[in-house]
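Subject: Handover of a structure

Dear colleague,

Please find below the structure that I am handing over to you. My findings follow it, arranged by region.

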Amino acid sequence: MPAAPKPETLAAFEAAKGFMPTDEGLALYAAAVEAGRLGLPLLEVGTYCGRSTILLADAARAAGVTALTVDHHRGSEEQQPGWDYHDPETVDPELGLMDTLPTFRRTLHRAGLEEHVVALVGRSPQIAAIWGTPLALVFIDGGHTDEHASADYEGWAPHVAEGGLLLIHDVFPDPVDEFTGQAPYRVHLRALRSGAFTEVSTTGSLRVLRRTGTGI
Ligand SMILES: C[S@@+](CC[C@H](N)C(=O)[O-])C[C@H]1O[C@@H](n2cnc3c(N)ncnc32)[C@H](O)[C@@H]1O
């Protein structure tokens, strides 16, 4: 049986702003609990308002490790005003720019999981460039352009420890199904072709891969 979050954690996940459906959330949680056994941190690229972070934080708590979550909190292309995924509540009225950090902080506090998470606020490639710690799990759910998705893969996949997991969200092999581009699909193919990662499972648009070789 895969590990499942406590009912209150699942309720907090389902109540949080965000995009991840419950079946994918459960797969994310199970992968995070399993990877956490390596005793290394779990890292997410793409915090948004903390929906998926809740599950990573709870898995980190169970494993006695820390969950890290990276976001500049200014939103992806498709979340900007005028786009399908825009939520006006995420706009800072003073600056007129998106700022999802306050909602993220409230969400994690209300879920009682604040102390299990370190939020890294900044651009993913800039943080990856100075990162040096091996990771048990990397979950890529950041920008959906080829530029951003490739940079997330190139910046973070090298840090996945031997036996650790690489998760990629919004993988849509059929262009008919995709709403935000197929860049995550291309990253998924690249990871498989690298010979460094082996597919473990598929749930909806979430892919779980394990590092079984070196490189990326
Ligand atoms: C799809 S949302 C993440 C959803 C979240 N994982 C969830 O389940 O609710 C993508 C997030 O990636 C962030 N993002 C996009 N490009 C980024 C970059 N280059 N560096 C840091 N964050 C980025 C956006 O600000 C946005 O909050």
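In this predicted model, the cover over the buried residues of H6 includes E1, helix H5 (124-129), strand E6 (135-140) and H7. The buried residues of H6 are His148, Ala149, Ala151, Asp152, Tyr153, Gly155 and Trp156.

The packing of H6 against H7 may be of particular use to you. Two packed helices are described by the angle between their axes and by the distance between those axes. For H6 (residues 146-156) and H7 (residues 183-193), the angle is about 35 degrees and the axes lie 9 Å apart. The crossing of these two helices is right-handed. On the H6 side, Asp146, Ala149, Ser150 and Tyr153 make the contact, and on the H7 side Ala183, Pro184, Arg186, Val187, Arg190 and Ala191 do so. Sorted by class, this contact comprises 6 nonpolar, 1 polar and 3 charged residues.

E1 deserves a closer look through one of its residues. Leucine 43 sits in strand E1 (residues 42-45). It counts as buried because 26 other C-beta atoms lie within 10 Å, and the cut-off for a buried residue is 20 or more. Leaving aside residues up to four places away in sequence, leucine 43 touches Leu68, Val70, Leu135, Leu137, Val138 and Trp156. Of these partners, Trp156 is also among the buried residues of H6. By contrast, 18 Å separates the C-alpha atom of leucine 43 from that of threonine 107, which is 64 residues away along the chain.

Next comes the surrounding of the ligand. Which residues come nearest to the ligand? Of the 22 residues around it, these are Gly18, Gly46, Arg51, Ser52 and Gly143. The shell divides into 4 nonpolar, 13 polar and 5 charged residues. Helix H3 (51-63) and strand E2 (67-71) each contribute at least two residues to the shell.

H3 is itself mostly covered, with 11 of its 13 residues buried. Among the buried residues of H3 are Arg51 and Ser52, both of which also belong to the set that comes nearest to the ligand. Just after H3, glycine 64 adopts a positive phi of about 75 degrees.

Two further backbone angles should be noted. Most residues other than glycine have a negative phi. Tyrosine 48, which is not a glycine, nevertheless has a positive phi of about 50 degrees. This residue is located in the loop between E1 and H3, and it counts as buried because it has 29 C-beta neighbours inside 10 Å. Aspartate 170, likewise not a glycine, has a positive phi of about 65 degrees. Its place is the loop between strand E7 (160-168) and H7. With 26 C-beta neighbours inside 10 Å, aspartate 170 also counts as buried.

Finally, I turn to the protein chain as a whole. The chain contains 7 helices and 9 strands. Its radius of gyration is 16 Å, close to the 17 Å that the globule rule gives for 216 residues, so the chain is as compact as a globular protein of that length. The C-alpha trace spans about 50 × 35 × 35 Å along its principal axes. Buried residues account for 50% of the 216 residues. Of the contacts with a separation of 6 or more, 71% join residues 24 or more positions apart.

With kind regards

How values were computed:
Residues numbered from 1 in each chain as written. Predicted model: local features only at pLDDT ≥ 70, side-chain atom pairs only at ≥ 80, totals over all residues. Near = placed C-beta within 6 Å. Helix = DSSP H or I, 4+ residues; strand = E, 2+ residues; numbered from the N terminus. Nonpolar A, V, L, I, M, F, W, Y, C, P; charged D, E, K, R; others polar. Rg over C-alpha atoms; globule rule 2.2 N^0.38 Å. Buried ≥ 20, exposed ≤ 12 C-beta atoms within 10 Å, placed from the backbone. Contact = placed C-beta atoms within 7 Å. Axes fitted to C-alpha atoms, helices over the stretch in contact; angles between N-to-C directions. Left-handed = near helix turned anticlockwise from the far one by under 90°.
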